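Biologist: I am new to this structure and would be grateful for a close look at one part of it, the aromatic rings and the space around them. Please set out the account in order, so that a newcomer may follow it.

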Amino acid sequence: MEKFVHLHVHTEYSLLDGATRISKIFKRCDELGMPAVAITDHGNMYGVLEFVKAAIKHTDPEADPFRFIAERRPFKVKPILGCELYMTEDMSVKTTQGGKMPKYNHIVLLAKNKTGYKNIVKLDSLSYIDGFYGKPRVDLDLLRKHHEGLIATSACLAGGIPQY
């Protein structure tokens, strides 16, 4: 059987949308033979630290998380860090148009490396600080500025490509 890695997972930190419990995900992925799994909660990265700690605990229940990371030890099931963000045409638009909120689509961003992780954190933070209007939003200009180290996917049915 070919290896499968789930790159679009919502945990309990995706309010009203996530059924996956971080405390259980790595055991289940290991049972299914999955070498890795991503966390891609809606518009937030609140669960990332708990996610990595759970991956470490699954690999070695006695490990100190800081030492585990510093020693670059391999995981039984590798945690992939990401976020499902809301993309809009222009995140500075904060008015309704004809009684409707500005249109947005979903996009999943995954960190390839430390730079990618920092860029997802930056994008997520700016989506709340500068782009918030009903939802924390980013636009293509902001993504262009902070794209290094990222992998983007078309997300779900609410993604730009499926909607097109």
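**Aromatic pairs and their surroundings**

Modeller: A search of the whole structure, which is a predicted model, finds 4 aromatic pairs. A pair of aromatic rings is described by the distance of the centres and the angle of the planes. One of the pairs joins Phe 68 and Phe 75, with 5.0 Å from centre to centre and 55° between the planes, and this pair is tilted. The angle lies between the limits of 30 degrees for stacked and 60 for edge-to-face, and therefore the pair counts as tilted. Phe 68 is buried, with a relative accessible area of 1%. Phe 75 has a relative accessibility of 23% and therefore counts as partly exposed, since buried would require a value under 20%.

Another pair is formed by Tyr 128 and Phe 132, whose centres are 6.0 Å apart and whose planes enclose 20°. This pair is stacked, because its angle is under 30 degrees. Tyr 128 is partly exposed at 32% relative accessibility, and Phe 132 is partly exposed at 39%.

The account now turns to the pockets. Rolling a probe the size of a water molecule over the atoms shows where empty space is left. The largest pocket holds about 980 Å³ of space. Its lining numbers 25 residues, and those closest to its centre are Val 52, Ile 69, Phe 75, Pro 79 and Leu 81. Phe 75 is thus both a partner in the tilted pair and one of the residues closest to the centre of the largest pocket. Several elements contribute to this lining: α2 (48–59), α3 (65–70), β2, β3 (104–111) and α4 (114–129) each supply at least two residues. Helix α2 gives the most, with 5 residues. By class, the lining of the largest pocket comprises 17 nonpolar, 1 polar and 7 charged residues.

The second largest pocket holds about 220 Å³ of space. It is lined by 13 residues, of which Leu 15, His 42, Asn 44, Tyr 86 and Lys 135 are the closest to its centre. Its lining divides into 6 nonpolar, 5 polar and 2 charged residues.

A further aromatic residue, Tyr 117, has its place in helix α4. At 32% relative accessibility, Tyr 117 counts as partly exposed. Leaving aside residues up to four places away in sequence, Tyr 117 touches Met 45, Val 48, Leu 81 and Ala 111. Of these, Leu 81 is also among the residues closest to the centre of the largest pocket. Tyr 117 and Ile 80 are 37 residues apart in sequence, and their C-alpha atoms are 9.8 Å apart in space.

Finally, helix α1 (residues 22–31) also has contacts with α2 and β2. Its buried residues are Ile 22, Ile 25, Phe 26 and Cys 29. They cover an arc of only 90° around the axis, and therefore they lie on the same side of α1. On the other side of α1, Ser 23, Lys 24 and Lys 27 are exposed. The buried residues of α1 pack against β1 (36–39), α2 and β2 (78–88). Helix α1 is followed by Gly 33, which has a positive phi, near 75°.

Definitions and conventions. Residues are numbered from 1 along each chain as its sequence is written. This is a predicted model: local features need pLDDT of at least 70, side-chain atom pairs count only at pLDDT 80 or more; totals for chains, interfaces and linings use all residues. Side-chain values use heavy atoms; hydrogens and water are left out. Buried means under 20% relative accessible area, exposed over 50%, partly exposed in between (1.4 Å probe, protein chains only). Helices (H or I, at least four residues) and strands (E, at least two) are DSSP runs, numbered from the N terminus. The arc is that of the directions from the helix axis to the C-beta atoms. Contact means heavy atoms within 4.5 Å. On a 1 Å grid over the protein atoms alone, a cavity is a set of points where a 1.4 Å probe fits but cannot get out, and a pocket is an open set with protein on both sides within 12 Å along at least five of seven lines; lining residues have an atom within 4 Å of a point. Grid points are joined across faces, edges and corners, and a volume is the space filled by probe spheres set on the points. Ala, Val, Leu, Ile, Met, Phe, Trp, Tyr, Cys and Pro count as nonpolar, Asp, Glu, Lys and Arg as charged, and the others, Gly among them, as polar. Rings of Phe, Tyr and Trp (its six-membered ring) pair if their centres lie within 6.5 Å; planes under 30 degrees apart count as stacked, over 60 as edge-to-face and the rest as tilted.
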